[in-house]
2 protein chains.
Amino acid sequence: MIIKKTAAIGGGVIGGAWAARFVLNGLDCKIFDPHPEAERIVGEVMANATRAFDSLTDAPKPEPGKLTFVPSIEEAVEAADLIQESVPERLELKQKVHMQIDAAASEDALIGSSTSGLLPTDIQAKMMAPERMFVAHPYNPVYLLPLVEIVGGARSDPAALDHAHAAYEQIGMKPVRIRKEIDAFVGDRLLEAVWREALWLIRDDICTVEELDDIMTHSFGLRWAQMGLFQTYRIAGGEAGMRHFIEQFGPTMSLPWTKLMDVPDLDDALIDKIAGQSDEQAGDLGIRDLERIRDDNIVGFLHVLRDARNGRGWSAGKALKSYEERLKAMAANDV
Amino acid sequence: MIIKKTAAIGGGVIGGAWAARFVLNGLDCKIFDPHPEAERIVGEVMANATRAFDSLTDAPKPEPGKLTFVPSIEEAVEAADLIQESVPERLELKQKVHMQIDAAASEDALIGSSTSGLLPTDIQAKMMAPERMFVAHPYNPVYLLPLVEIVGGARSDPAALDHAHAAYEQIGMKPVRIRKEIDAFVGDRLLEAVWREALWLIRDDICTVEELDDIMTHSFGLRWAQMGLFQTYRIAGGEAGMRHFIEQFGPTMSLPWTKLMDVPDLDDALIDKIAGQSDEQAGDLGIRDLERIRDDNIVGFLHVLRDARNGRGWSAGKALKSYEERLKAMAANDV
């Protein structure tokens with residue numbers, strides 16, 4: 001099943017970036033967002049995405065698809081093969097939106113929710129045809145980071161998950177199927193753990209926001225852009241490997257090293273502290289500056305990973321390689 | 001204070017890599033390790049480090065220093081300006097080793113411990129001259145990753161911490177001073193939080209070791225190699241910035257998204273599962289292969305970051321730029 005027409009329901013930072021990924025991959029996209037400034041916001045995301053996509057690959061790029069703002073969910077989804085919902089994270093709202101999508105979408109449309117934590121079983125609960133609905137959770141910036149976590153609900157059809165897998169690959173992504181439905185899936189559970197610990201460290205003045213970021217970017221950040229937690233620790237275990245690592249470091253797990261039993265109060269004092277330190281860290285760089293710096297760096301990393309191992313590629317670079325091969329094949333078919 | 005002579009007490013993966021960093025930066029290093037295979041292990045680390053250092057920079061490199069294995073702590077430290085202790089993580093052992101260092105080291109030597117969790121106040125408790133002792137906690141691979149967390153104990157002299165800061169910068173590192181002594185400092189607290197959450201996800205079969213790693217390397221790993229948690233979330237907050245982000249996402253903090261109240265039992269079943277899945281993930285790549293792939297990728301990322309923003313550098317790339325300027329200045333002075 002080849003995706004040709006797409007719909008984006010919700011056009012914030014995430015929905016707008018989905019629309020950009022669709023359009024830059026030659027797919028028409030109808031987008032619905034009731035926000036009065038939706039067109040401006042999506043326009044800005046699209047500009048950044050176009051800039052990044054230009055530098056991402058020299059493979060032949062398809063003619064961009066057409067982006068159309070429409071005034072209702074029904075008009076957005078009626079002819080779409082792939083529908084991506086990215087509305088705010090409130091279950092009642094998601095359920096209502098998915099009922100509207102459900103009523104207007106074609107029978108074999110794929111319906112993905114960008115939720116970063118709600119369960120697909122709950123979101124699909126009130127749908128007539130829930131078997132085509134699943135979670136497809138992306139990471140910001142959606143137009144560059146390849147990961148999409150695919151999570152099925154109790155009533156999702158495994159065949160729809162297979163189709164979704166292929167559809168997201170078609171637009172250059174790396175789908176990873178989560179084996180069991182669980183709040184926050186995998187990536188956000190890990191992020192949540194780090195976020196909680198970080199809040200304690202700032203609250204207790206162990207370090208500032210900028211020092212904590214420096215610590216991440218100058219150490220394990222450089223590891224995790226190319227090898228995850230387990231592969232990294234496999235190496236740390238040396239010749240004896242993973243088992244040795246766990247046996248050596250396992251015992252420290254019982255020390256009271258984290259404060260994660262509790263969550264710090266997000267009171268005004270802590271919010272002020274973090275916001276103030278964050279302003280200092282950013283200096284005179286605005287959000288758009290930071291976004292472009294981030295995007296350029298990620299593109300650079302993806303090129304390093306694509307060219308790794310004498311061009312065989314590594315990690316996210318392999319996803320980029322496959323994507324380029326697909327683009328080339330498509331261009332050859334067009335001729 | 002310019003460091004000329006160094007000592008490495010302990011020559012495992014960490015101690016050996018310190019020795020490599022010292023020697024490749026033109027500093028003589030005397031190393032002590034009672035392990036019967038210490039010379040072989042250090043030799044292998046040195047080979048990897050030399051390979052990586054060659055490709056790290058085109059700046060003029062100093063003539064490598066001399067590495068000497070010596071049969072006692074006393075002989076290693078007696079003439080050293082900078083002494084790096086990297087023995088196993090047992091407080092009694094660290095205390096004993098630091099008493100030996102204390103008795104034999106010159107008065108103004110700097111004494112850093114590589115401990116990843118023990119408190120400097122405890123390690124220095126039995127020293128006669130503890131003011132020159134502090135924690136200098138590096139990250140593997142020590143010869144490439146720039147971060148070193150500097151932590152003073154109750155009896156550390158602030159002037160010694162300043163000297164240490166300059167000494168680690170001299171060998172191309174990014175020292176970050178931790179403001180208060182705390183178990184596991186900052187980086188390892190964050191890593192511990194991720195590790196615990198990851199163990200739950202594997203134990204409960206939400207994903208495999210390889211899937212979890214893929215999720216990290218295809219999403220936030222690419223973010224954290226260049227912007228930390230807070231800078232990334234500042235962008236996620238959009239034009240309204242950090243305060244908006246916290247207000248928007250703060251509430252999810254109270255959901256029971258993590259299981260971090262408990263630590264899973266590291267029983268044989270869980271160790272077997274992780275070790276088995278890790279073997280599958282590695283395929284036919286041995287530890288040395290993985291190390292070289294990792295090192296090449298990190299060097300590539302550091303080059304991307306050095307050249308970022310039209311050559312002004314970004315994040316760990318700035319540390320590399322300063323280092324290259326220092327190497328050039330040293331070469332100019334030599335002429």
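Two residues are in contact if their C-beta atoms, placed from the backbone, lie within 7 Å. The model is predicted: local features need pLDDT of at least 70, side-chain atom pairs count only at pLDDT 80 or more, and totals for chains, interfaces and linings use all residues. Residues are numbered from 1 along each chain as its sequence is written, and chains are lettered from A and ligands numbered from 1 in the order in which they are written.

**Exercise 1.** Find which residues Ile83(B) is in contact with, leaving aside neighbours within four places in sequence.

*Solution.* Start with the N-terminal numbers: Ala7(B) and Ile9(B) are partners of Ile83(B). Add Val77(B). Then take Ile101(B), Ala105(B), Ala109(B), Leu110(B) and Ile111(B).

**Exercise 2.** Determine how chain B superposes on chain A.

*Solution.* Fit by least squares on the C-alpha atoms of residues with pLDDT of at least 70 in both copies. The result is a rotation of 180° with 0.0 Å of shift along its axis, at RMSD 0.0 Å. That is the relation of a two-fold axis.

**Exercise 3.** Describe the contact between the chains.

*Solution.* Count first: chain B gives 97 residues and chain A gives 97 residues. Sort the chain B side by class: 56 nonpolar, 21 polar and 20 charged. Here Ala, Val, Leu, Ile, Met, Phe, Trp, Tyr, Cys and Pro count as nonpolar, Asp, Glu, Lys and Arg as charged, and the others, Gly among them, as polar. Now compare the sides: 100% of the interface residues of chain B are also interface residues in chain A, so the copies meet through the same surface.
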